[in-house]
Amino acid sequence: VMLTNQIKALVDRYSDHCNTLDSRYKLLHKLGEGRYGKVYLAFDLKTVDLVAIKMLKETGFRHQLSSFLNEIRHLVFLLDCISCEKSLKATKMIDFSFEGRLNGSRPVAYYTMEYIELGEFYSFIEHADHISESLASHFMRQLVETLRVLHSYRFYHLDVKPENVLVNEKGELFLCDFGNALYCKKPKEVHWQRISFVGSLEYSAPESYMLDELKDLKNGYQNIREYELGKLDVFSLGVVAFVSVIKSQPFGKADDEDPYFRRMMTSKASFWDIFEKLRPSSSNFKTMVESML
């Protein structure tokens, strides 16, 4: 709240120099940029609140519009889930438009969501000297509970990483960026031919990029039709837990050709020896990460 109030106090001084969206939002600062959208911190002139706005990039508009629309559909679905499940922490969408006007002229597609004060969990990890296993456990429990609720609705994020987690001033973590998510209305009725896994390789389970190869094989669909998608999120969260405590990636890619991943699968003791000098960790922490991976 203190940080939010400090930013609001500066709005009157600088708002005249900011771009205006739909005569309602003052774009104060670019917070980040994804595959197809830019995220801005904005001031809502109507509610006098700070919000975050994700705006579709101008280039390749038609190609990216379907992904943008897919994310908005997921966020609309999540609004109902969040209202029913108190333990589900995900960013709430406030508004959206496909006919927005930037400075009264240039057309843009965007959606507005709640502003989470401290931003990406990735930045929190990077700027912290050390995150203890106890504190990391506090963070991971929140994400585990959020994923548990999502999976109970057959909703899978499929791109869990620190950049897609936001943290507020209370230390609460919120899952965001649902552009790669998948919602299965009925169990075991996944249309695999429509799925393309585009998550980050450093956090993706081996199955994430092997599934596309399996689809091309004879009877390949029989092999993956009943695959438990939730395990993909669990694997990614295991990597997030490792990065939070060790402050290093455990491997570059979950593939046998990656020497670190291969050692993780075949010689766990020697794998942990590599990182022991960087950041010693307990046996409980090692067991947890190994189980998730």
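Okay, let's start at a turn: β3 and β4 make a hairpin with 4 residues between the strands, and in it Val48 takes a positive phi near 60°. Before I go on, keep in mind that this is a predicted model.

So, Val48. This residue sits in the loop between β3 and β4, and its phi is positive, about 60°, although it is not a glycine. Why point that out? Because most residues other than glycine have a negative phi. Is Val48 buried, exposed or partly exposed? It counts as partly exposed, because its relative accessibility is 46%, and the partly exposed class runs between 20% and 50%.

There's another residue of this kind. Ser23 isn't a glycine either, and its phi is positive, near 55°. You'll find Ser23 in the loop between β1, residues 19-21, and β2. Ser23 has a relative accessible area of 68%, so we call it exposed.

Now the strands themselves. β3 and β4 run antiparallel, with 8 bridges joining them. If you want one pair to click on, take Val39, whose bridge partner in β4 is Lys54. On the other side of the story, β2 and β3 also run antiparallel, and 7 bridges join them. Those two strands form a hairpin as well, this time with 3 residues between them. A pair to look at here is Glu33 with its bridge partner in β3, Lys38. And how much of β3 is buried? Of its 8 residues, 7 are, so mostly covered is a fair description.

Right, next up is a pocket. The second largest pocket has about 580 Å³ of space. Its lining has 28 residues, and the closest to the centre are Gly32, Val39, Glu120, Glu163 and Leu166. You've met Val39 already, as the partner of Lys54. Which elements give two or more residues to that lining? They are β2 (25-33), β3 (37-44), β4 (49-56) and β6 (106-114). By residue type, the lining has 11 charged, 11 nonpolar and 6 polar residues.

Let's move to a loop further along. Asn180 is in the loop between β9, residues 173-175, and β10, residues 182-183. Is Asn180 buried or exposed? Its relative accessibility is 9%, so it counts as buried; the cut-off for that is under 20%. What does its side chain sit beside? A polar atom of the Asn180 side chain lies 2.9 Å from the backbone oxygen of Leu158.

Last stop, helix α10, residues 283-292. Its buried residues are Phe285, Lys286, Val289 and Met292. They're on the same side of α10, because the arc they cover around the axis is only 135°. Turn to the face pointing away from that buried side and you get the exposed residues Ser283, Asn284 and Ser291.

One more thing about Phe285. Take Ser134, which is in helix α4, residues 133-152. Ser134 and Phe285 are 151 residues apart along the chain, and their C-alpha atoms are separated by 9.9 Å. Phe285 is among the buried residues of α10, whereas Ser134 counts as exposed, because its relative accessibility is 57% and the cut-off is over 50%.

That's my tour, thanks.

Methods
Residues numbered from 1 in each chain as written. Predicted model: local features only at pLDDT ≥ 70, side-chain atom pairs only at ≥ 80, totals over all residues. Heavy atoms only, no water. 1 Å grid on protein atoms, 1.4 Å probe; cavity = no way out; pocket = protein on both sides within 12 Å on 5 of 7 lines; lining within 4 Å. Points joined across faces, edges and corners; volume = space filled by probe spheres on them. Nonpolar A, V, L, I, M, F, W, Y, C, P; charged D, E, K, R; others polar. Buried < 20%, exposed > 50% of the residue type's maximum accessible area, 1.4 Å probe, protein only. Pairing = 2+ DSSP bridges. Polar contact = N/O pair within 3.5 Å; in protein donor to acceptor, adjacent residues only side chain to side chain. Arc of directions from axis to C-beta.
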